[in-house]
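The exercises below concern one protein chain. Work through each task with the sequence and the model open, then compare with the solution.

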Amino acid sequence: MKILRFILKNKQFNVQMSSGRKFSHFLTGILISALAIATLVWPIVPVQAAPNPPDFARAVQAIEDLDQMRSELAKTIDPTADITPQTMQEVCKPVGMKARQLSQDNGWQVKQVAKKYRNPDHAPQNLQETMAIAKFTQHPELLSYSQIQGDRLHYYRRINVESSCLACHGPKDNRPNFIKAKYLDDLAYDFKAGDLRGLYSVIIPSLEAAQTNPE
């Protein structure tokens, strides 16, 4: 009788333990399902960027004016004439000079960036610039965008290849000889009209400073 009671008691204990494990597994399943549903119903929302500083509009307009200047200068290239170093001095150099002037006059950081660069100074310098190029490449309809990075506002604006640019940026073998000799690591060729040439990058270093920057 004592042995029988011992066996029955242990069977009851095993049943309770088995039931406890099943309940624990059941509860764990519920929690996992709840987390999965919560992820679908309440997705992670990125922190919203602070409002653009007042001179953001000035920066956007300045870059539009810069790109318009680039386009107008490119149209002065005579497709029947030879491209010379003087051509670059008259067509390309003023764009870089204007970008530097915008930086000095406004306290911004303005530059051109390109994956297929000719001037090594235009190569992407960080992950953000590399990602910006990739974003414009993946979205041909995207003209520009901005984002907050720390206390800085970063503005990107695409640069497209125009037909007049192909005199220097067309087929690799058709590049002017002085470009082949000067830029041994040149990557800025084999473009077609409408391709992404690169981008303008503008950094307003401090939002607080930008808000108090005099017009």
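**Exercise 1. The aromatic rings**

Are F136 and Y145 buried or exposed? Describe how the rings of F136 and Y145 lie to each other.

Solution. Both F136 and Y145 are buried, where buried means under 20% relative accessible area, exposed over 50% and partly exposed in between (1.4 Å probe, protein chains only). The model is a predicted one, in which local features need pLDDT of at least 70 and side-chain atom pairs count only at pLDDT 80 or more, while totals for chains, interfaces and linings use all residues. Residues are numbered from 1 along each chain as its sequence is written, and side-chain values use heavy atoms, with hydrogens and water left out.

Next, take the ring geometry. Rings of Phe, Tyr and Trp (its six-membered ring) pair if their centres lie within 6.5 Å; planes under 30 degrees apart count as stacked, over 60 as edge-to-face and the rest as tilted. By this rule there are three aromatic pairs. For F136 and Y145 the centres are 5.6 Å apart and the planes stand at 45 degrees, so the pair is tilted. Y145 and Y156 make another tilted pair, with 5.1 Å from centre to centre and 35 degrees between the planes. This pair links distant parts of the chain, since Y145 is in strand β2 and Y156 in strand β3, eleven residues apart.

Then join the pairs: F136, Y145 and Y156 form a cluster linked by ring pairs. Y145 has 13% relative accessibility and therefore counts as buried; Y156 is buried as well, at 0%.

Last, look for charges over rings, which requires NZ of Lys or CZ of Arg within 6 Å of the ring centre and within 35 degrees of the ring normal. The charged end of K135 sits over the ring of Y145, 4.0 Å from its centre. Likewise, the charged end of K116 sits over the ring of F191, at 4.3 Å from the centre.

**Exercise 2. The strands**

Set out how β3 pairs with β2 and with β4.

Solution. Start with the elements: helices (H or I, at least four residues) and strands (E, at least two) are DSSP runs, numbered from the N terminus. The protein chain has eight helices and four strands, in the order α-α-α-α-β-α-β-β-α-α-β-α.

Two strands pair if DSSP finds at least two bridges between them. β2 (residues 144-149) and β3 (residues 152-160) are antiparallel, over six bridges. Among the bridge partners are Q149 with R152 and I148 with L153. Two residues lie between the strands of this hairpin, and G150 takes a positive phi near 65 degrees there.

On to β4: its pairing with β3 is also antiparallel, over eight bridges, and one of the bridges joins I159 to G198. Seven of the nine residues of β3 are buried, so β3 is largely enclosed by the rest of the structure.

**Exercise 3. The nonpolar cores**

Which elements give two or more residues to the largest nonpolar core?

Solution. A nonpolar core is a set of buried Ala, Val, Leu, Ile, Met, Phe, Trp, Tyr and Cys residues joined through side-chain atoms within 4.5 Å. The largest has 24 residues, of which I63, L66, W108, V110, Y155 and V202 touch the most other members. The elements asked for are α2 (56-74), α3 (85-91), α4 (93-106), β3 and β4 (196-204). α2 gives the most, six residues.

Take W108 as a case, with contact meaning heavy atoms within 4.5 Å. Leaving out residues up to four places away in sequence, W108 touches ten residues, including R58, A62, L102, V202 and I204.Apart from the largest core lies another, of eight residues, among them V113, F136, L142 and L199.

**Exercise 4. G170 and its surroundings**

Where is G170 found, and which residues does G170 touch?

Solution. G170 is in the loop between α6 (166-169) and α7 (177-182). With 3% relative accessibility, G170 counts as buried. Beyond four places in sequence, G170 touches Y189, D190 and F191. The C-alpha atoms of G170 and K192 are 6.7 Å apart, with their positions 22 residues apart along the chain.

**Exercise 5. Confidence**

Over which residues does pLDDT stay under 50?

Solution. pLDDT is the predictor's confidence in each residue, from 0 to 100. The protein chain averages 80, and 70% of the residues score at least 70. Over residues 1-51 the pLDDT stays under 50, and the model has four contacts beyond four places in sequence for them. Residues 209-215 are also below 50, with eleven contacts beyond near neighbours in sequence.
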